[in-house]
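This report describes side-chain contacts, strand pairing and burial in one protein chain. The sequence and the model are shown first.

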Amino acid sequence: MSFFLFSAPEREPSQFVGFAGNRIDRQSENRTDEALEVALADPRLRIMQTRGGRLYLKLNGSGFDPYFALAEARDMGAKLDDGVLLGLSEAGPVVMAPGAVEPDDLPERIKAIDHRSVYVQGLIGPDMLGELAQGAALLAWNRNHRFCGRCGAETQARIGGYKRSCAACGAEHFPRTDPVAIMLTVRQDMCLLGRSPHFAPGMYSCLAGFIEPGETIENAVRRETLEESGIRLGRVAYHASQPWPFPHSLMIGCFGEALNDDIAFDGKELEDCRWFARDEVLTMIAGTHPDGLGVPPDGAIANHLIRAWAEHG
């Protein structure tokens, strides 16, 4: 029997989800305190701008362009000193900076569109969407960690926005990524889907929850499923992951084997939770369900989990 790694597909499932197409060379081993300054002086520099969870996009023919030249960004008052260096693309360095212009005050040719809509509507390419996830998460972390968690003094951004240092006590703080388990519970030709009150009308999805300190991914999947639905799980298998910049999570997608059928949910986190047959799920994916029920959009990892089971189970 060959080692399982060598029989795995060369393109893992994570490459097909939204926000996962980042091709930036992050230069993680070569970041210095001058990294952002050096990037801003590079004539090849391209700048992305975001404000209030909205990405600034230039109308470019029939599409959108998320990149601004240095002069354009300066004319718009971009807060370049608070920018973060994403790394090097084939075309040169890429920086994301907080925008200064209120979305309603932008020129007609520039739109400010919320990050989720940019992703759902496919307004930019997969590589740009990956850069958006990286930059938005870094900006959110820097914005929320302006003061030292040890002594309360103001911190300063270092190495292009990947570290904040406290001159008062010497503490160093690094960006956080919050791991979230998202799972599709299955048994035979049935899968378990839930509906949160904030979902779009008719949409059902996988269950999900944050992984807690000292907890394995598998045990988090079991715990969250039991807490939210009353379903106990046996075997758990990892499938794929997805960066999720709301504000800085990593969705870890798994399948879980149900050991019981009776659902018990408290109606707080979920307004509905039920078993769905494979044939019904296929109509939900196709958009032909007689009651208008559906699943999350194509780029969501929940969609990929549901499709992987329904179409190939």
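A residue counts as buried when its relative accessible area is under 20%. The model discussed here is predicted. By that cut-off, 5 of the 6 residues of strand β11 (residues 190-195) are buried, so the strand is largely enclosed by the rest of the structure.

**Strand β11 and its partners**

Strand β11 pairs with strand β10 (residues 178-187) in the antiparallel sense, over 3 bridges. Within this pairing, C191 of β11 is the bridge partner of V186. The hairpin of β10 and β11 has 2 residues between the strands, and Q188 in this hairpin takes a positive phi near 50°. Strand β11 also pairs with strand β15 (residues 272-277), again in the antiparallel sense, here over 6 bridges. In that pairing, L192 stands opposite W275 of β15. The ring of W275 has a further contact: R187 lies over its face, at 4.5 Å from the ring centre.

A UniProt record, an unreviewed entry, places the feature "domain: Nudix hydrolase" at residues 175-301. In the model, this span is 18% helix and 38% strand, and its end C-alpha atoms lie 23 Å apart.

**Aromatic contacts**

The structure holds 8 aromatic pairs. In one of them, the ring centres of F19 and W244 are 5.7 Å apart and the planes stand at 85°, so the pair is edge-to-face. This contact links distant parts of the chain, since F19 belongs to the segment before α1 (35-40) and W244 to strand β13 (residues 233-244), 225 residues apart. F19 counts as buried at 3% relative accessibility, and W244 counts as buried at 17%. W244 also forms an edge-to-face pair with Y119, with 5.7 Å centre to centre and 90° between the planes. Here too the pair links distant parts of the chain: Y119 is in helix α3 (residues 115-120) and W244 in strand β13, 125 residues apart. Both Y119 and W244 are buried. Together with F246, the residues F19, Y119 and W244 form one aromatic cluster.

**Charged side chains**

Side chains of opposite charge can pair when their charged atoms come close. The structure holds 18 salt bridges, and the table lists some of them.

| Salt bridge | N to O distance |
|---|---|
| E90 and R23 | 3.9 Å |
| R223 and E215 | 2.7 Å |
| R307 and E311 | 3.0 Å |

E90 lies in the loop between β4 (84-89) and β5 (92-98) and R23 in the segment before α1, so their salt bridge ties together parts that are 67 residues apart in sequence. Both ends of this bridge count as exposed, E90 at 77% relative accessibility and R23 at 64%. By contrast, R223 is buried, with a relative accessible area of 18%. The pair of R307 and E311 lies within helix α7 (residues 301-312), where the two residues are 4 apart, about one turn of the helix. R307 is partly exposed, with a relative accessible area of 25%, and E311 is partly exposed as well, at 40%.

Salt bridges also link K58, D65, E72 and R109 in a network. K58 has an aromatic contact in addition: its charged end sits over the ring of F68, 5.1 Å from the ring centre.

Note on methods
Residues are numbered from 1 along each chain as its sequence is written. This is a predicted model: local features need pLDDT of at least 70, side-chain atom pairs count only at pLDDT 80 or more; totals for chains, interfaces and linings use all residues. Side-chain values use heavy atoms; hydrogens and water are left out. Rings of Phe, Tyr and Trp (its six-membered ring) pair if their centres lie within 6.5 Å; planes under 30 degrees apart count as stacked, over 60 as edge-to-face and the rest as tilted. Buried means under 20% relative accessible area, exposed over 50%, partly exposed in between (1.4 Å probe, protein chains only). A charge sits over a ring if NZ of Lys or CZ of Arg is within 6 Å of the ring centre and within 35 degrees of the ring normal. Two strands pair if DSSP finds at least two bridges between them. UniProt positions are given in the numbering used here, feature names are shortened, and annotations may be inferred rather than shown by experiment. A salt bridge is a side-chain nitrogen of Lys or Arg within 4 Å of a carboxyl oxygen of Asp or Glu.
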